[in-house]
Amino acid sequence: MARKGILSSETKAPAPPQERPTPKPSTAPRGAVGALQSSLTRLQENAVQDLDASLIDMAGVEDRLGVDDESQRKLEESLRTYGQQVPVLVRPHPSQAGRFEIVYGRRRLKALKAIGVPVKAMVRHLDDHALVMAQGQENTARQDLSFVEKASFAAQLDASGHDRRTIADALTIDLPMVSRMLKVGNAFDLRFLRKIGSAPSIGRDRWLTLAKLVQDPEAKSRAEEATTVDTFSDLTSDERFESIFKAANNKPTPKAPAPAATEARTLRHQDGKALAEVRRTPRGVTLNISARTAGGFDKWLDTHAEELMREIHDRWRQSKA
């Protein structure tokens, strides 16, 4: 019986295999692909590419108030000799495929276009807000950007509809400083500021004073006229500011009233000898007797002046009756 039990146990049909649960679709491949794409995008953005300079357009806000020809020439010479060491930042053009817009590095771009070589650039996908932030923060890091250039930058952001918090973040300043910069930046149009230039030695207080002065239309007109002088363009940027400041602050001296017209005649004796000179002005009548030729008549008249004047006045009253 034991043997039969053993054989029965060994020859029993095997149990059917249990069904495995159907695995649910996994999102891992999609997540992995997305992460890979993000990594590739970051690598591409951090990689420096050679771009044709003619494919890069201006964008964002103008930060510099004119470019000094001599410093630009030196930059071109440096790039020609040593090559471009610092890449510019661009973004793909939002509406033209294959083209780009400059975020920062405008002077380098201009110089590289002039010498006809490709532009080393980092390409980043930035919306308009991110562009402003990148440009503003790059400007903040630069030591050569003057107060009025930053004020003009802030005013352009303000005119473009960016709120003050964004302007403060872009320039890494506080809100009170934004207000001061806007007082200056909004007091002058960009055309006028370009005539002056960066004025690197002119600080906030002088610009605020000038901004207050030109609130007077006559002072603003004098400031505008100062830019039309033939020698204005020969001055340095700081000197151009000083000439405009002086013109705006220099109220014209009121002209002295023209001397009143006078009528003078000489009173003579019957023999023709001059006795006195009578001078009539809008303020009255004066009688002058020269002591040099009067022979003492002047002293006698001084002694009897009161009674003579009464007699003359009585005669005048009688003539009026």
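Start with the largest pocket, which has a volume of about 440 Å³. Keep in mind as you click around that this is a predicted model.

**Stop 1: the pocket and its walls**

Select L267, L287, L301, M309 and I312: of the 14 residues lining the largest pocket, these are the closest to its centre. Now colour by element. β7, β8 and α14 each give two or more residues to the lining of this pocket. Which of them gives the largest share? That would be α14, with 8 residues. If you're thinking about what kind of surface a probe would see, the lining counts 12 nonpolar and 2 charged residues, with no polar ones.

**Stop 2: the sheet beside those names**

Since β7 and β8 have come up, show the strands from 263 onward. β6, β7 and β8 make an open sheet of 3 strands, in that order, with antiparallel pairing. The edge strands are β6 (263-268) and β8 (284-288), each of which pairs on one side only. From one strand to the next, the twist averages 20 degrees.

Zoom in on β7 (residues 274-281) and its antiparallel neighbour β8: 5 bridges join them. For a handy landmark, pick V278, which stands opposite L287 in β8. You have already met L287, one of the residues closest to the centre of the largest pocket.

**Stop 3: two rings on α14**

Go back to α14 and select F297 and W300. They form a stacked aromatic pair, 6.2 Å centre to centre with 20 degrees between the planes. It counts as stacked because the planes are under 30 degrees apart. Why can these two rings meet? F297 and W300 are 3 residues apart in helix α14 (residues 297-320), so about one helical turn separates them. As a general point, an α-helix has 3.6 residues a turn, so residues three or four places apart point the same way.

Are the two rings buried, exposed or something in between? F297 is partly exposed at 34% relative accessibility, and W300 is partly exposed too, at 43%.

**Stop 4: an aromatic cluster and a cavity**

A search of the whole structure finds 5 aromatic pairs. For a group of rings, select F188, F192, W207, F241 and F245, which form one aromatic cluster.

Keep F188 and F192 selected and add D189, V214, K220, A223 and E224: together these seven names line the largest cavity. Its volume is about 60 Å³, and the structure holds 1 cavity of 30 Å³ or more. Helix α11 (residues 217-226) supplies the largest share of this lining, 3 residues. By class, the cavity lining has 4 nonpolar and 3 charged residues, and no polar ones.

**Stop 5: two unusual phi angles**

Now for some backbone. Most residues other than glycine have a negative phi. Which residues go the other way here? T172 is one of them, with a positive phi near 55 degrees. Look for T172 in the loop between α7 (164-171) and α8 (175-185). A199 is another, with phi near 45 degrees, and it lies in the loop between α9 (190-196) and α10 (204-213).

Switch on a surface for both. T172 is exposed because its relative accessible area, 56%, is over the 50% cut-off. A199, at 0%, is under the 20% cut-off and is therefore buried.

**Stop 6: the five-stranded sheet and α4**

Finish with the sheet that begins at β1. Its 5 strands run in the order β1-β5-β3-β4-β2, as an open sheet with mixed pairing. β1 (48-51) and β2 (56-57) stand at the edges with a single partner strand each, so one side of each has no neighbour in the sheet. β2 runs parallel to β4 (residues 100-104), joined by 2 bridges. To line up the view, select I56, which stands opposite F100 in β4.

Then move along the chain to helix α4 (residues 106-115). Which of its residues are buried? R106, R108, L109, A111, L112 and I115 are, with two arginines in that list. Your last selection is G116, which follows α4 and has a positive phi, near 70 degrees.

Definitions and conventions: Residues are numbered from 1 along each chain as its sequence is written. This is a predicted model: local features need pLDDT of at least 70, side-chain atom pairs count only at pLDDT 80 or more; totals for chains, interfaces and linings use all residues. Side-chain values use heavy atoms; hydrogens and water are left out. Two strands pair if DSSP finds at least two bridges between them. Helices (H or I, at least four residues) and strands (E, at least two) are DSSP runs, numbered from the N terminus. Axes are lines fitted to C-alpha atoms, for helices over the stretch in contact, and angles run from 0 to 180 degrees between N-to-C directions. On a 1 Å grid over the protein atoms alone, a cavity is a set of points where a 1.4 Å probe fits but cannot get out, and a pocket is an open set with protein on both sides within 12 Å along at least five of seven lines; lining residues have an atom within 4 Å of a point. Grid points are joined across faces, edges and corners, and a volume is the space filled by probe spheres set on the points. Ala, Val, Leu, Ile, Met, Phe, Trp, Tyr, Cys and Pro count as nonpolar, Asp, Glu, Lys and Arg as charged, and the others, Gly among them, as polar. Rings of Phe, Tyr and Trp (its six-membered ring) pair if their centres lie within 6.5 Å; planes under 30 degrees apart count as stacked, over 60 as edge-to-face and the rest as tilted. Buried means under 20% relative accessible area, exposed over 50%, partly exposed in between (1.4 Å probe, protein chains only).
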